[in-house]
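Biologist: I am new to this structure and would like a close look at a single part of it. Could you take one strand and describe what surrounds it?

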Amino acid sequence: AFSKIGHMDEFMIVDAGFPFPSGVRIIDLAISKNKPTVNDVLMALIQNFSIEKIVISNEIGIHNPMKLKEIVDLFNINMPVEMISHVDLKRRSSNVKVIVRTGDFTTFSNILLISGAGNQWFTEI
């Protein structure tokens with residue numbers, strides 16, 4: 001599933017209770033409660049994958065502000081962060097290439113990632 005993600009494609013890392021839209025490929029990594037967490041998967045993913053923007057629900061900042069800080073801190077300080085409602089995040093999930101489900105039981109710890117081009121591209125200037 002990740003081999004088919006290109007620049008500007010969207011995909012998600014979600015908590016254990018996120019509702020899956022019809023027709024979207026799901027990778028289920030949940031092996032037990034809080035194993036792995038969203039942060040565990042993000043840390044492994046960002047080591048080898050280019051992300052140019054993240055989208056998170058406003059509700060995580062209200063209900064779990066420390067979790068929001070932990071997620072944002074995993075990324076470069078200049079990473080654009082878009083905050084939208086949880087309802088809108090669920091709507092957007094219908095158009096992503098893949099959703100990775102974790103065992104995370106922290107409410108609203110769902111993140112939509114927009115794939116970047118990466119820094120390996122050669123330019124003369």
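Modeller: What follows is about strand β6 and its neighbours.

This is a predicted model, in which local features need pLDDT of at least 70 and side-chain atom pairs count only at pLDDT 80 or more, while totals for chains, interfaces and linings use all residues. Residues are numbered from 1 along each chain as its sequence is written, and side-chain values use heavy atoms, with hydrogens and water left out.

Strands here are DSSP runs of E with at least two residues, and helices are runs of H or I with at least four, both numbered from the N terminus. In β6, 5 of its 5 residues are buried, buried meaning under 20% relative accessible area with a 1.4 Å probe and protein chains only. I111, L113 and S115 lie on one side and L112 and I114 on the other, so that both faces are covered.

Two strands pair if DSSP finds at least two bridges between them. β1 and β6 run antiparallel and are joined by 4 bridges, with M12 standing opposite L112. β3 and β6 also run antiparallel, joined by 5 bridges, and here L112 is the bridge partner of V55.

I111 touches residues including F11, I13, V38, L42 and F75, not counting those up to four places away in sequence, where contact means heavy atoms within 4.5 Å.

I111 and L113 are also among the residues with the most contacts inside the largest nonpolar core, which has 20 residues; such a core is a set of buried Ala, Val, Leu, Ile, Met, Phe, Trp, Tyr and Cys residues joined through side-chain atoms within 4.5 Å. α1 gives the most to this core, with 4 residues.

Definitions and conventions
Buried < 20%, exposed > 50% of the residue type's maximum accessible area, 1.4 Å probe, protein only.
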